[in-house]
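Subject: Model handover

Hello,

Here is the structure I promised you. Please open it next to this message and follow along; my notes come below.

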Amino acid sequence: MAALVKGWRWATRPLLWVVQTWDLDRRRWVRALRRSPVRVVFPSGQVVERKPGPGKQPQRAAAEASPYEQRPKQPLQVSRSQTPCTWEESGLRYDKALPGDRRLSVMTIVKSRPFREKQGKILLEGRRLIADALKAGAVPKVFFFSRLEYIKELPIDKLKGVSLIKVKFEDIKDWSDLVTPQGIMGIFAKPDHVKMTYPETQLRHLLPLLLICDNLRDPGNLGTILRSAAGAGCSKVLLTKGCVDAWEPKVLRAAMGAHFQVPIINNLDWETLPNYLPTNTRVYVADNCGLHAQAQLSNKASDHGWVCERRLSRLHKYEEEVEEEEDDLEPGAGKAWLPELEVQSYDLDWTEAPAAVVIGGETHGLSLESLQLAESTRGKRLLIPVVPGVDSLNSAMAASILLFEGKRQLRVKAEHSSRDRS
């Protein structure tokens with residue numbers, strides 16, 4: 001037993017000796033690699049002597065530096081001031097924005113309505129929308145872009161005197177409301193419909209048809225309505241006080257360039273609104289859920305579904321005010337406060353004179369001022385048939401139906417007149 005143990009110990013000693021020897025050799029090799037050579041001989045035959053100093057890495061003159069040896073990179077010294085770059089093809093200058101540039105802070109407040117009203121500036125995003133604005137005569141102030149190619153797509157003569165600032169795409173992505181930002185944004189002076197130049201094709205197809213928006217507060221609905229107005233050939237769009245701002249980014253995105261195809265007059269009072277209507281204009285209101293409209297329709301029309309069944313829900317603001325005053329008035333005197341307007345189906349002829357259609361918001365409906373204006377111009381209520389039990393139509397959908405119905409009626413009249421002449 002002792003012999004076996006002794007033999008086992010004798011057998012393991014060489015293994016331990018081999019492991020220790022290999023470990024020592026590895027350490028020597030590592031230390032050798034870390035040492036700085038005194039003399040270096042290159043394949044070309046060049047010999048470089050090294051004289052290391054105490055506590056410092058060996059250095060040699062720049063003239064003796066080997067082409068095979070990587071030289072240390074010098075840190076880039078970037079100035080905090082804006083260095084203008086020149087676009088050689090056009091001679092325009094643009095700046096590269098650095099972190100902390102104060103000009104970038106305007107993007108945080110330019111989307112607010114108080115800024116647009118006080119400063120008179122709007123924000124446009126996307127190459128197509130900006131190109132339409134420039135073509136219509138809008139005055140640009142500043143352009144933020146991530147690639148120079150986006151600026152090259154715009155008319156060069158429109159960019160003179162405009163601040164061009166190149167920023168990172170991540171900055172535009174943070175500012176943008178789009179899912180896929182297009183890499184360019186511009187700040188323009190708020191356009192004036194009198195100074196704008198609208199497309200010639202749009203001017204040739206203008207119709208004696210106007211649109212009045214009353215208490216429209218949903219940006220998506222207003223943008224869709226403006227797009228339908230431009231497609232139908234409206235000569236003008238009037239927005240009363242209480243409507244959402246027509247130059248809000250969400251409205252611009254939904255309108256798809258309609259702001260630069262049809263004149264838009266914003267923030268009007270009802271007292272001054274008739275000044276923007278042509279002579280002998282008749283004002284029609286779109287209202288398919290009013291109690292007074294239901295009372296004036298025959299039972300036959302009601303059977304065909306021309307009236308919604310919500311007889312006692314969501315009364316209009318003017319109806320609620322009348323009910324509050326009825327207690328203080330003599331019997332039967334309350335109805336005198338409400339304008340008496342005849343109800344007419346939307347597909348009957350109502351374009352015999354220049355016509356203006358009033359579209360009310362879905363929350364507040366039509367205002368009393370709109371009904372009074374319609375009564376003073378001998379207008380009517382235009383009713384769109386809906387199936388009983390179905391809710392009222394969306395404001396944008398109702399406006400589209402009425403505008404294109406008016407366009408159809410005018411086209412039919414033009415065809416009849418041309419036949420009579422021939």
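**Helix α12 and the sheet**

In α12, the residues S370, L371, L373 and A374 are buried (under 20% relative accessible area with a 1.4 Å probe, protein chains only; over 50% is exposed, and partly exposed is in between). Around the axis they cover an arc of only 160°, which puts them on the same side of α12. The arc is that of the directions from the helix axis to the C-beta atoms. In general, an α-helix has 3.6 residues a turn, so residues three or four places apart point the same way.

Some ground rules. This is a predicted model, in which local features need pLDDT of at least 70, side-chain atom pairs count only at pLDDT 80 or more, and totals for chains, interfaces and linings use all residues. Residues are numbered from 1 along each chain as its sequence is written, and side-chain values use heavy atoms, with hydrogens and water left out. Helices (H or I, at least four residues) and strands (E, at least two) are DSSP runs, numbered from the N terminus.

Helix α12 spans residues 368-376. It lies across β9, β12 (282-286), β14 (355-360) and β15 (381-383). Its direction is at about 140° to β12 (axes are lines fitted to C-alpha atoms, for helices over the stretch in contact; angles run from 0 to 180 degrees between N-to-C directions). R378 follows α12 and has a positive phi, near 60°.

The sheet is open and has 7 strands. Their order is β11-β10-β9-β14-β12-β15-β13, with parallel pairing (two strands pair if DSSP finds at least two bridges between them). β11 (264-268) and β13 (343-345) stand at the edges with a single partner strand each, so one side of each has no neighbour in the sheet. The twist averages 30° from one strand to the next. β9 (residues 207-214) and β10 pair over 5 bridges. There, C213 stands opposite L239 in β10.

**Helix α3**

This helix covers residues 127-136. L129, I130, A133, L134 and A136 are buried. Seen down the axis of α3, they fall within an arc of 165°, so they line one face of the helix. R128 and K135, on the other side, are exposed. The cover over the buried residues includes β5 (121-125), β6 (140-145), β8 (184-189) and α8 (249-255). G137 comes just after α3, with a positive phi of about 100°.

**Loops**

What does the side chain of H259 reach? It reaches the backbone oxygen of A246, at 2.6 Å. H259 lies in the loop between α8 and β11 and is buried, at 3% relative accessibility. Leaving aside neighbours within four places in sequence, its contacts (heavy atoms within 4.5 Å) are Y198, L226, A246, W247, V251, L252 and I264.

M256 is found in the loop between α8 and β11. Its phi is positive, near 55°, and M256 is partly exposed at 43%. N215 is in the loop between β9 and α7 (219-232). Its phi is near 60°, positive in a residue other than glycine. N215 is buried, at 15% relative accessibility.

**Confidence**

The mean pLDDT (the predictor's confidence in each residue, from 0 to 100) is 78 for the chain, and 69% of residues reach 70 or more. Among the elements, α10 (residues 299-303) has the lowest mean, 36, and β10 (residues 234-240) the highest, 97. Over residues 1-13 the pLDDT is below 50, and this stretch has 0 contacts beyond near neighbours in sequence. Residues 56-81 also stay under 50; the model has 19 contacts for them beyond four places in sequence.

Best wishes

Note on methods. Polar contact = N/O pair within 3.5 Å; in protein donor to acceptor, adjacent residues only side chain to side chain.
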